[in-house]
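Here are some friendly notes to read beside the model. Please keep the structure open as you go through the points.

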Amino acid sequence: MMDADPLSQPEPRDYLEPFRVSVHQILTRVNQLEKQVTEVEQFYESTDNVQGNNSKGVSLVKEKGREKHPTGTKKPLQDASHTEAAAAKRMQELMRQFSTILLSVVLLQITQHKWAWPFMDPVDVEGLRLHDYYEVIDKPMDFSTIKSKMEAKEGTGYNNVREIYADVRLIFKNAMKYNNEKHDVHVMAKTLLEKFEEKWLQLLPKVAEEEKRQLEEEAQAQLDIQLAQETTYANKAKDLSTELYEVDMQLKSLKEMVIQKCRKLTTQEKKMLGVTLGKLSLENLYRALDVVAETNPIFQPSGDEVDLDLDAQSDYTLWRLKAFVKDALEEQEKVDEGAAVNPNDNPDDKKNKKRRDSGDSSGKTNPKRKKLSAL
């Protein structure tokens, strides 16, 4: 019978490959989760800033909107779109009514007057040799320009009736500004402006009512979207919490597998572990005993004296305990070094801290230190 080819036998390091793959997969997943966590954190930070700068319109509907508790983003977004469309439709209706008033009352009166030409079309600055016109008038305006903007496609014309109102007033104000009070154009502009203002006052209550309704509906739509986003990110945060827990469990399982593949601690290493346990602060000592209790249900660190038989512990427990003690002592050294270089520390405070860390029970409020015997 032929011996197996030595080259076909896996090298010891090949057994580590599954661990490397597992670690790589976990790190990749952790990086993905970290990005998602950052996204959730940024959302809530931006939400806090927005809530801190809420407009009056938002506050009018805030309490009412909070009662809806949306379960997703789709329906609230649709509702917001429908609300916005309804508001735009009503505004278009107001624009139509306003256009009717302009055409039937103002424009008709102007076209029937002998001085109608100054207001219907742009001022012929060159033909009339009004060389200083643009020095006096900053923004020329006329009814043909207004009509073109009113008939323009959505997004290129007027956004609301107040913009129309402002341009109509500008026509008359420009004429009154450029021509002196006795000039026919000035008198005509002043007269038509007064008539126009009367008509505007009749329409103003409807405009104000619609503006208030539109503000509330826009605020409600924004709040619906915000609530839907909050629900989405709350669910995402919950899912992230579950996934992070699963990753933690995977890491724990991987650690157990790695430790099982590790060598056993030597007698000397166990002896050194027992010595270093005695150097732990009171808090870290309790935590070290908890580490043992987590994997050894029989071990109960109760009472003032605790006997810890290191030989009776599993390799997994010993390696966990060794790693914990190493990290804890390094952390204690950093704290001690920081306290030593801080000139502002009160000497009495240092003594008290040292007494607490060493488990001195002379103070009435200090907990009694456990007496640990590492066998």
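1. Let us begin with aspartate 311, which is exposed because its relative accessible area is 55%, over the 50% cut-off for that label. This is a predicted model, so please read every value here as computed from predicted coordinates. Aspartate 311 is one half of a salt bridge with lysine 270, and the closest N and O atoms of the two are 3.1 Å apart. Now look at where the partners sit: lysine 270 belongs to helix 9, while aspartate 311 is in the loop between strand 1 (305-308) and helix 11. The two are 41 residues apart, and the pair links distant parts of the chain.

2. How many salt bridges does the structure hold? There are 12. Another one to find joins aspartate 315 to lysine 264, with 2.8 Å between the closest N and O atoms. Aspartate 315 lies in helix 11 (residues 315-341) and lysine 264 in the loop between helix 8 (184-261) and helix 9 (267-277), so this pair ties together parts that are 51 residues apart in sequence. As for their surroundings, aspartate 315 is partly exposed at a relative accessible area of 24%, whereas lysine 264 is exposed at 58%.

3. A salt bridge can also sit inside one helix, and glutamate 330 with lysine 326 gives you an example: both lie in helix 11. They are four residues apart, about one turn of the helix. Why does that spacing suit a pair of side chains? An α-helix has 3.6 residues a turn, so residues three or four places apart point the same way. The side chains of glutamate 330 and lysine 326 meet at 2.9 Å, N to O. Glutamate 330 is partly exposed, with a relative accessible area of 36%. Elsewhere, salt bridges with shared partners join Lys139, Lys149 and Asp167 into one network.

4. Next, please turn to helix 9 once more and find threonine 276 there. Is threonine 276 buried or exposed? Its relative accessible area is 17%, so threonine 276 is buried, as the cut-off for that label is under 20%. Not counting residues up to four places away in sequence, threonine 276 touches Val325 and Leu329.

5. The interior deserves a slow look. The largest nonpolar core has 23 residues, and those touching the most other members are Phe119, Phe143, Ile146, Val168, Ile171 and Phe172. Helix 6 (143-151), helix 7 and helix 8 are the elements that give two or more residues to this core. You can follow isoleucine 146 as a guide: beyond its neighbours within four places in sequence, its contacts are Met141, Tyr158, Ile164, Asp167, Val168 and Ile171. There is also a second, separate core of 20 residues, including Leu280, Val306, Leu321 and Val325.

6. Helix 7 is a good place to try a quick check of geometry. At 1.5 Å a residue, its 18 residues should span 26 Å, and the end C-alpha atoms are 26 Å apart, which agrees. Many side chains here are worth clicking on; the buried residues of helix 7 include Val161, Ile164, Tyr165, Leu170 and Asn174.

7. Alanine 175 is also in helix 7 (residues 161-178). Its relative accessibility is 11%, so alanine 175 counts as buried. Which residues does alanine 175 contact, leaving aside neighbours within four places in sequence? They are Phe119, Val185, His186 and Ala189. The C-alpha atoms of alanine 175 and lysine 190 are separated by 8.7 Å, with the two residues 15 apart along the chain.

8. On the outside, look for a nonpolar surface patch of about 280 Å², made by Trp117, Val123 and Leu128. Leucine 128 is in the loop between helix 4 (117-120) and helix 5 (133-136), and this leucine is partly exposed at a relative accessible area of 43%.

9. Finally, step back to the whole protein. Its secondary structure comes to 12 helices and two strands. Buried residues make up 30% of its 375 residues. Among contacts with a separation of 6 or more, 74% involve residues 24 or more positions apart. The protein exposes about 25600 Å², and carbon and sulfur atoms supply 52% of that area.

Methods: Residues numbered from 1 in each chain as written. Predicted model: local features only at pLDDT ≥ 70, side-chain atom pairs only at ≥ 80, totals over all residues. Heavy atoms only, no water. Buried < 20%, exposed > 50% of the residue type's maximum accessible area, 1.4 Å probe, protein only. Contact = heavy atoms within 4.5 Å. Salt bridge = Lys/Arg side-chain N within 4 Å of Asp/Glu carboxyl O. Core = buried A, V, L, I, M, F, W, Y, C linked by side-chain atoms within 4.5 Å. Expected span 1.5 Å × (residues − 1). Patch = residues over 30% accessible without salt bridge, like charges linked within 9 Å, V, L, I, M, F, W, Y side chains within 5 Å. Areas by Shrake-Rupley, 256 points an atom, 1.4 Å probe, with all protein chains shown as cover.
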